[in-house]
Amino acid sequence: DEIKESAEIISQGYKSMTRVFGLMAVVVAILGATGTWLFARRMSNTLRIITKAAAKMTRHDLPRLVHTMDAVNEGDFSVAFSFEHEPVEIVSGDELGTMANAFNQMNRALANVGAAFTTMVANLRDLTGLLELKVAERTSELEASERKLSSIIDFLPDATLVIDRQGKVIAWTRAMEKMTGIGSGQMIGKGNFEYSVPFVGKRRPMLIDLVLHPDEALEQQYDAFRREGNTLFAESCSHQLKRTPVHLFASASSLCDANGQVVGSIETLRDITQWKEIEKELIEARCMAEDATRAKSDFLANMSHEIRTPMNGVLGMTELLLDTKLNDEQREYARTVQTSADALLTIINDILDFSKIEAGKLDFEELDFDLRLALDEMAELASIKADEKDLEFANFVHPNVPSLLSGDPGRLRQV
């Protein structure tokens with residue numbers, strides 16, 4: 001504002017001096033030669049002072065002011081400017097006095113311009129120094145933060161790379177160097193999908209690029225792909241890293257600054273080749289086990305059917321024998337044979353039940369039976385082997401246990 005006000009004063013002074021010089025020309029024309037000589041003697045001292053000061057102002061001060069402004073405009077705030085002139089003495093109130101007053105006002109205005117400009121340059125110099133200090137501090141903080149982040153990322157056990165929004169590599173960890181055989185110095189700063197060459201043999205987008213630029217066609221090229229929020233997961237097989245295929249599990253996500261603005265993306269890769277081989281072996285082992293189980297079940301089922309046929313013949317003949325005339329001892333023996341045959345048939349059915357258990361199709365019967373009678377029949381069968389070893393086999397049921405129950409007596413005999 002001070003510079004603008006001073007410029008207006010200079011403009012007005014210049015206009016006043018122009019009017020004075022115009023009036024002087026009129027006076028000279030009116031007075032003629034004698035009058036002009038008298039008028040010139042009177043104003044010679046004032047004009048000499050003004051002319052000398054104006055010459056210095058025009059040839060020295062104003063060019064120096066312009067040079068100083070140009071230097072500041074180019075960023076050099078070390079320059080300074082001062083403007084000092086002795087004022088012209090005002091000896092009359094006529095046109096010469098008006099011209100001298102206008103010159104003094106212009107002189108003071110130029111001095112004010114120089115002082116205001118010098119103050120402005122000093123303020124700019126202080127502000128610039130403060131800004132440079134702040135920028136240096138912030139730059140140092142950012143560099144320290146980047147070094148810390150790089151150290152953390154470099155410590156990750158999984159191969160990791162980080163790119164900025166322009167697709168240039170800004171982090172390439174030791175694990176990534178080990179996986180690809182390419183040092184970080186060869187990859188940092190590279191763009192144009194250079195980081196994909198070690199994995200696919202050519203430059204093309206990878207999972208880390210799909211975070212910022214989704215591509216459905218590229219997503220379908222992965223063996224497995226899923227998206228959870230801003231994080232991507234995928235499996236792929238690389239034929240470039242080693243002589244044999246390498247199965248990789250990758251995850252990628254975006255990176256944001258303190259203001260939440262996306263500044264890049266990060267991807268980690270893990271070699272899961274060994275896991276894939278173990279998974280394949282487990283699948284093969286499970287298939288073999290299932291085949292063996294089916295073969296065993298088929299064998300047991302066939303054998304049980306083969307044994308059941310003659311057992312049905314034994315049971316049938318025993319029933320026919322019991323219908324004939326037998327003494328008490330013979331009848332008891334025949335009933336024991338019948339009971340044993342029934343138990344053996346139950347065992348054969350149990351073999352079939354074993355196959356049902358493996359198939360998850362085992363069913364329990366629900367029948368009304370006498371507990372004590374079922375236990376006596378079981379004890380009668382067991383006592384035959386006990387007698388061969390001169391042992392006595394007996395069973396005892398507590399009186400408080402009920403006799404009539406509902407359930408599966410065959411399963412109870414198995415217990």
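**Figure 1. Stacked aromatic pair of Phe-233 and Phe-249****.** Phe-233 is classed as buried because its relative accessibility is 17%, where buried denotes under 20% relative accessible area, exposed over 50% and partly exposed the range in between, for a 1.4 Å probe and protein chains only. Its partner Phe-249 is partly exposed, at 24%. The two rings are stacked, at 6.3 Å centre to centre with 20° between the planes. Rings of Phe, Tyr and Trp (its six-membered ring) are paired when their centres lie within 6.5 Å; planes under 30 degrees apart are stacked, those over 60 edge-to-face and the rest tilted. Phe-233 belongs to strand S4 (residues 231-238) and Phe-249 to strand S5 (residues 246-256), so that the pair links distant parts of the chain, 16 residues apart. Helices (H or I, at least four residues) and strands (E, at least two) are DSSP runs numbered from the N terminus.

The model is predicted: local features require pLDDT of at least 70 and side-chain atom pairs pLDDT 80 or more, while totals for chains, interfaces and linings use all residues. Residues are numbered from 1 along each chain as its sequence is written, and side-chain values use heavy atoms, without hydrogens and water.

**Figure 2. Edge-to-face pair of Phe-193 and Tyr-195****.** The whole structure contains 3 aromatic pairs. In the pair of Phe-193 and Tyr-195, the ring centres are 6.4 Å apart and the planes meet at 80°, which makes the arrangement edge-to-face. Tyr-195 is buried, with a relative accessible area of 1%, whereas Phe-193 is partly exposed at 28%.

**Figure 3. Surroundings of Glu-267 in strand S6****.** Strand S6 spans residues 262-271 and includes Glu-267. This residue is buried but has no salt bridge, and the nearest side chain of opposite charge, Arg-204, is 9.2 Å away. A salt bridge requires a side-chain nitrogen of Lys or Arg within 4 Å of a carboxyl oxygen of Asp or Glu; Lys and Arg count as positive, Asp and Glu as negative, and His and the chain ends are not counted. The Glu-267 side chain reaches the backbone nitrogen of Ile-208 at 2.9 Å. Beyond neighbours within four places in sequence, the contacts of Glu-267 (heavy atoms within 4.5 Å) include Thr-160, Met-206, Ile-208 and Ser-251.

**Figure 4. Cysteines Cys-237 and Cys-256****.** Cys-237 is partly exposed at 30% relative accessibility, and Cys-256 is partly exposed at 45%. The whole structure has 0 disulfides, a disulfide being a pair of cysteine sulfur atoms within 2.5 Å.

Note on methods. A polar contact is a pair of N or O atoms within 3.5 Å; within protein, one must be able to donate a hydrogen and the other to accept it, and residues adjacent in sequence count only if both atoms are side-chain atoms.
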